Amino acid sequence: MIRYLGKRIIFMLISLFLIVTATFFIMKAVPGGPFTSEKNVPDEIKAALEAKYKLNLPLHEQYFNYVKGVATWDLGPSFTEKSSTVNEMINRGFPVSAHLGAQALLLAVFGGIILGVIAALNHNKWQDYSAMVIAVLGLSVPGFILASFYQYFFSIKWGLLPIAKWEGFEYTILPSLALAASPMAFIARLTRSNMIEVLGQDYIKTAKAKGLHTFTITVKHAIRNALLPVITYLGPLIANILTGAFVIERIFGVPGLGREFVLSITNRDYTVIMGTTVFYSIILVVMILIVDVAYTLVDPRIKLADAGRE
């Protein structure tokens with residue numbers, strides 16, 4: 001286990017280094033700059049601003065300074081929000097994004113598993129067809145379209161829920177539903193297909209022959225083995241939900257990190273763009289590692305130590 005984790009951590013660090021490097025040079029290759037605007041800025045002012053933020057240094061020096069800053073978790077100042085650093089913006093916005101993401105994740109996982117199990121247990125029946133229609137709609141309709149749909153019906157037409165802002169639990173329901181729709185549909189289809197396969201295995205037939213109740217067979221034997229592919233999907237899903245919240249946060253006026261990221265693109269605030277990209281990349285690689293370790297909790301037959309020797 002220790003050898004495997006050590007190996008994975010080394011690969012994680014290499015991956016993060018490549019992501020930091022690629023992000024830095026891609027941002028430097030983008031035309032324009034953080035101080036480019038519609039109005040002409042005098043060359044003297046522009047030179048002073050570039051000197052203040054060390055943008056006048058050679059490219060390789062800027063790169064090494066940025067890598068050093070990432071290594072010490074100093075992501076630099078914001079070019080447009082002068083009173084804040086990128087670290088402060090992440091500390092301020094990420095808890096809100098994490099709250100929204102966690103709520104959407106719970107809806108997606110539990111809703112998807114329930115729909116998938118119902119569909120598998122009622123294969124080729126109306127419950128199966130109904131669950132898959134919901135899944136197809138969830139996969140086909142983009143989240144921002146669903147967000148507008150929810151706002152129109154639940155807020156404007158029926159007046160059941162607030163249309164935007166972030167001032168209480170009722171404000172989190174619509175953005176969570178919009179964010180959870182696509183992953184819930186994918187999990188439902190994944191659970192259904194794996195449940196159907198598992199229910200056809202010999203040990204399930206043996207359990208039925210012994211007279212075990214359907215609920216016991218489903219919960220104790222079938223679901224546990226059918227969830228392995230779902231667990232594989234959880235690592236990228238968490239990162240996708242957090243990054244997918246960018247547009248949803250903008251639509252619903254949620255003061256999360258996604259809104260800061262969208263504004264930073266509009267304002268060409270490169271340090272914020274690079275900082276949030278690195279931050280979410282760290283979340284992604286860490287979650288993938290956690291998912292790998294979680295395999296052993298679901299299926300003890302999987303030994304990470306053996307995987308590390310391969």
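Which element gives the largest share of the lining of the largest pocket? Keep that question in mind while we get our bearings; the pocket comes up again shortly.

What you have in front of you is a predicted model. The chain holds 13 helices and zero strands, so there is a single kind of element to follow as you trace it from the N terminus, α after α. Taken along the principal axes, the C-alpha atoms fill a box of roughly 85 × 60 × 30 Å.

A record can help you find your way along the chain. The unreviewed UniProt entry carries the annotation "transmembrane region" for residues 9-27, 100-121, 133-153, 173-191, 230-252 and 272-295. Let us look at two of these spans in the model. Residues 133-153 are 90% helix and 0% strand, and their end C-alpha atoms lie 21 Å apart. Residues 173-191 are 100% helix and 0% strand, with 25 Å between the end C-alpha atoms.

Now back to the opening question. The answer is α3, which supplies five residues of the lining of the largest pocket. This pocket has a volume of about 440 Å³. In total, 19 residues line it, and those nearest its centre are Y53, N65, Y66, G76 and P77. The elements that give two or more residues to this lining are α1 (2-29), α3 (59-71) and α12 (270-298). As for character, the lining is a mixture: nine residues are nonpolar, five are polar and five are charged.

The second largest pocket makes a good next stop. Its volume is about 210 Å³, and 13 residues line it, with I134, L146, Y150, A181 and M184 closest to its centre. At least two lining residues come from each of α4 (86-121), α5 (126-140), α6 (143-157) and α7 (173-199). Here α7 provides the largest share, with five residues. How do the residues of this lining divide into nonpolar, polar and charged? Nonpolar residues number 12, there is one polar residue, and no charged residue takes part.

From pockets we can turn to the way helices meet, beginning with α4, one of the helices that line the second largest pocket. The axes of α4 and helix α11 (residues 257-267) come within 7 Å and cross at roughly 125 degrees. The angle therefore makes α4 oblique to α11. To find the contact in the model, look on α4 for M89, I90, R92, G93, F94 and S97, and on α11 for L257, G258 and E260. These contact residues comprise four nonpolar, three polar and two charged.

A second pair of helices shows another arrangement. Helix α8 (residues 202-209) and helix α9 (residues 214-226) pack with their axes 11 Å apart, at an angle of about 180 degrees. Are they roughly parallel or roughly antiparallel? Because angles over 145 degrees count as roughly antiparallel, α8 is roughly antiparallel to α9. On the α8 side, Y203, I204, A207 and K208 make the contact, while α9 brings I217, H221, A222 and N225. Five of the contact residues are nonpolar, two are polar and one is charged.

To retrace the tour, start at α3 with its five residues in the lining of the largest pocket, move on to α7 with its five in the second largest, and then visit the oblique pair α4 and α11 and the roughly antiparallel pair α8 and α9.

Methods:
Residues numbered from 1 in each chain as written. Predicted model: local features only at pLDDT ≥ 70, side-chain atom pairs only at ≥ 80, totals over all residues. Heavy atoms only, no water. Axes fitted to C-alpha atoms, helices over the stretch in contact; angles between N-to-C directions. Helix = DSSP H or I, 4+ residues; strand = E, 2+ residues; numbered from the N terminus. Parallel < 35°, antiparallel > 145°, perpendicular 65-115°, else oblique. Contact = heavy atoms within 4.5 Å. Nonpolar A, V, L, I, M, F, W, Y, C, P; charged D, E, K, R; others polar. 1 Å grid on protein atoms, 1.4 Å probe; cavity = no way out; pocket = protein on both sides within 12 Å on 5 of 7 lines; lining within 4 Å. Points joined across faces, edges and corners; volume = space filled by probe spheres on them. UniProt positions renumbered as here; feature names shortened; annotations may be inferred.
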